[in-house]
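Biologist: Please show me how to read the strands in a model. I would like the general idea each time, and then the case at hand.

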Amino acid sequence: MTNHQWTLNETFYFPTEYGAFSEAVEVKVTPGYTEDRTEEAIRLQGIYHIAANVTFDQDKLVELSAEDRLVIDDVEVENGTGYFEYAVPLNVDLPGDIAGPLELNVEGVRAAQLEDGGLRLEWSVNLQEIAEAPEEIVEEVAVESKKPVQTAIESTSHLEFLANADKAVENVEKEMEDFLLYIAELDDDVTRKIFHSNNIFVEAERQASEETE
């Protein structure tokens, strides 16, 4: 298994109104990269993302010299405590004979206070080739499961009930048609009445208008 390790560092300065850097409360360095493989080489390209919580000594004045310094202007500061983020370029070239997948980890982040009020960050990078585990061959034995066949069987009584219900509906419709025909044949001087008993039509009573009780 291939193993590579190297160390990087970066120095940061901050606007003079915040005071001198005092302490790094928390610092996190996270690598993010893409892998480009060819027959001759492997190239990793991306960034080291830095996120840090720091404190400032506002009683200590800092004078920025004319030297080329990396000044972090975008700092969220409140009551002497600040937070900032920064990205350091990541470019790694490796020989092309590394076959396995690669894993890049950052270890041992260290912060130091400089005499001129700056912050020096240092971190170690560990690059490993991950050995691929051999694939386990799992033999699957096909077992035929016998499931009971469920057949829906309607009872004779239920079928008879459905048949009787359909027949009853047909009878009611036929009686209704006969009744309407009967009404149409009545004379104008006959009283027409309809009686219901359990939703079944009963034959209408013919009654002469001159009949007395």
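**Strands and their partners**

Modeller: Start with a hairpin: β4 and β5 form one with two residues between them, and N79 in the turn has a positive phi of about 55 degrees. The model is predicted, so local features need pLDDT of at least 70 and side-chain atom pairs count only at pLDDT 80 or more, while totals for chains, interfaces and linings use all residues. Residues are numbered from 1 along each chain as its sequence is written, and side-chain values use heavy atoms, leaving out hydrogens and water.

Biologist: What counts as a strand, and when do two strands pair?

Modeller: Strands (E, at least two residues) are DSSP runs numbered from the N terminus. Two of them pair if DSSP finds at least two bridges between them. In general, strands of a sheet pair through backbone hydrogen bonds, either parallel or antiparallel.

Biologist: How many bridges join β4 to β5?

Modeller: Three, and these strands run antiparallel; β4 covers residues 76-78. E76 has Y83 in β5 as its bridge partner.

Biologist: Which residues make up the strands β3 and β5?

Modeller: β3 spans residues 41-57 and β5 spans residues 81-95. They pair in the antiparallel sense over 15 bridges. The bridge partner of I50 is Y86 in β5.

Biologist: In what order do the three strands of the open sheet lie?

Modeller: The order is β1-β7-β6, with antiparallel pairing. The edge strands, β1 (3-12) and β6 (102-113), each pair on one side only. From one strand to the next, the twist averages 20 degrees, with axes fitted as lines to C-alpha atoms and angles running from 0 to 180 degrees between N-to-C directions. Ten bridges connect β6 with β7 (residues 119-129); E107 has S124 in β7 as its bridge partner.

Terms used. Helix = DSSP H or I, 4+ residues; strand = E, 2+ residues; numbered from the N terminus.
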